[in-house]
Amino acid sequence: MSTAVRRRVAVPVWEVTRPVRPGRVPGVVLTGFRDLGPAPVDHRLDPHPVLTLALTCGEAALGIDESTGRQHRGSLVTGLGFGAGGAARVRAANVEWIQVRLSPAIARAVLGVSPAELENSVVALDDLWGERRAARLREQLARAASWEARFALVEGFLAPLSATGPAIEPELAWAWDRIVAGHGRVRVDGLAAELGWSRKRLWSRFHAQLGLPPKRAVQLVRFDWAATRLAGGQDAAGVAADCGYADQSHLHREVVAFTGVTPATVAGGSLIATADLAWVDQVPRLSV
């Protein structure tokens with residue numbers, strides 16, 4: 001499925017493509033992007049409750065600039081919560097790339113490092129996979145004749161890594177899926193009770209294996225769902241009520257903390273603002 005979507009604040013215009021067939025790698029969601037706008041891409045990068053692989057498919061390179069002035073170009077990996085505070089920006093022109101949203105539950109198996117090592121950071125894919133493997137995938141993506149062929153290539157790379165790499169404890173995979181399925185409207189002590197664990201045990205193991213404390217995971221997943229609904233045009237009061245915030249002021253504080261801007265700015269200046277939320281409501285789970 002492919003649709004052209006325009007940002008409310010003007011260009012660029014993106015062609016967004018999702019795989020026709022269901023993915024075959026649990027914990028992974030793929031999306032293809034092609035920049036069709038007359039002006040270079042320059043937008044705020046908001047945090048997400050996923051690790052993201054940005055795989056370039058041609059000569060043009062995607063770029064991420066940090067507030068420190070550090071710049072990253074090419075195929076990149078961002079950790080859980082990267083961009084918190086509105087400190088990072090995406091910059092590119094005439095770029096085609098595949099966004100791989102990766103559940104932290106399989107991140108170590110796929111990337112070779114713990115999500116905790118990548119929390120709120122961005123690194124080159126070459127540094128994680130090695131230059132030869134990353135270059136081989138880039139070359140194959142550039143030669144692929146269609147988005148479906150590209151998606152198949154990426155899944156072909158990820159599937160054996162996911163299947164043979166180190167797994168997290170199944171109880172933690174379950175806890176992550178519960179948080180995602182509830183859009184962050186869950187209580188950490190309730191998760192611990194259902195597992196038969198103490199809150200301290202859940203905190204320490206969740207943080208060590210998934211890369212952030214469970215309370216932070218709940219907040220990040222809830223924020224992501226709220227930002228999606230704001231981008232879709234829902235008013236802030238309705239978003240606060242539907243997403244489990246105490247009130248609109250609570251929503252406002254968390255949005256500012258995560259993005260550095262107000263809910264109104266998030267609604268008007270998202271990467272893609274659309275009433276069709278099917279492609280953005282995609283935080284991967286291991287279960288169906």
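How far apart are the closest N and O atoms in the salt bridge that Arg91 forms with Asp65? They are 2.6 Å apart. The views below are taken from a predicted model.

**View 1. Arg91 and Asp65 form a salt bridge.** Arg91 belongs to strand 9 and Asp65 to strand 6 (residues 63-65), so this pair ties together parts that are 26 residues apart in sequence. Arg91 has a relative accessibility of 29% and counts as partly exposed. Asp65, at 9%, counts as buried, because the limit for a buried residue is under 20% relative accessible area.

**View 2. Arg73 also meets Asp65 in a salt bridge.** The N to O distance between the two side chains is 2.9 Å. Arg73 is partly exposed, with a relative accessible area of 42%, whereas its partner Asp65 counts as buried.

**View 3. Asp42 and Arg89 are joined by a salt bridge between their side chains.** The distance from N to O is 2.7 Å. Distant parts of the chain are linked here: Asp42 is in strand 4 (residues 41-44) and Arg89 in strand 9 (residues 89-92), 47 residues apart. Asp42 is partly exposed at a relative accessible area of 34%, and Arg89 likewise counts as partly exposed at 30%.

**View 4. Salt bridges link Asp42, Asp65, Arg73, Arg89 and Arg91 in a network.** The network includes the Asp42 and Arg89 pair, the Arg73 and Asp65 pair and the Arg91 and Asp65 pair. In general, side chains of opposite charge can pair when their charged atoms come close. The structure as a whole holds 16 salt bridges.

**View 5. Strand 3 pairs with strand 10 in the antiparallel sense.** Strand 10 spans residues 96-102, and seven bridges connect the two strands. Within this pairing, Phe33 stands opposite Trp97 of strand 10. Strand 3 covers residues 28-35; seven of its eight residues are buried, so the strand is largely enclosed by the rest of the structure.

**View 6. Helix 9 and helix 11 cross at roughly 100°.** Helix 9 comprises residues 214-231 and helix 11 residues 248-259, and their axes come within 10 Å. The two helices are therefore roughly perpendicular to each other, a class that takes in angles of 65 to 115 degrees. On the helix 9 side, the contact involves Arg216, Gln219, Leu220, Arg222, Phe223, Ala226 and Leu230. These meet His250, Leu251, Glu254, Val255, Phe258 and Thr259 in helix 11. By class, the contact of helix 9 with helix 11 has seven nonpolar, three polar and three charged residues.

**View 7. Asn94 has a positive phi in the loop between strand 9 and strand 10.** The angle is about 55°, although Asn94 is not a glycine. Most residues other than glycine have a negative phi. With a relative accessible area of 59%, Asn94 is exposed.

**View 8. Asn120 is a residue other than glycine with a positive phi.** The value is near 55°. Asn120 is located in the loop between helix 2 (115-118) and strand 11 (122-124). At 40% relative accessibility, Asn120 counts as partly exposed.

Definitions and conventions
Residues numbered from 1 in each chain as written. Predicted model: local features only at pLDDT ≥ 70, side-chain atom pairs only at ≥ 80, totals over all residues. Heavy atoms only, no water. Buried < 20%, exposed > 50% of the residue type's maximum accessible area, 1.4 Å probe, protein only. Helix = DSSP H or I, 4+ residues; strand = E, 2+ residues; numbered from the N terminus. Pairing = 2+ DSSP bridges. Axes fitted to C-alpha atoms, helices over the stretch in contact; angles between N-to-C directions. Parallel < 35°, antiparallel > 145°, perpendicular 65-115°, else oblique. Contact = heavy atoms within 4.5 Å. Nonpolar A, V, L, I, M, F, W, Y, C, P; charged D, E, K, R; others polar. Salt bridge = Lys/Arg side-chain N within 4 Å of Asp/Glu carboxyl O.
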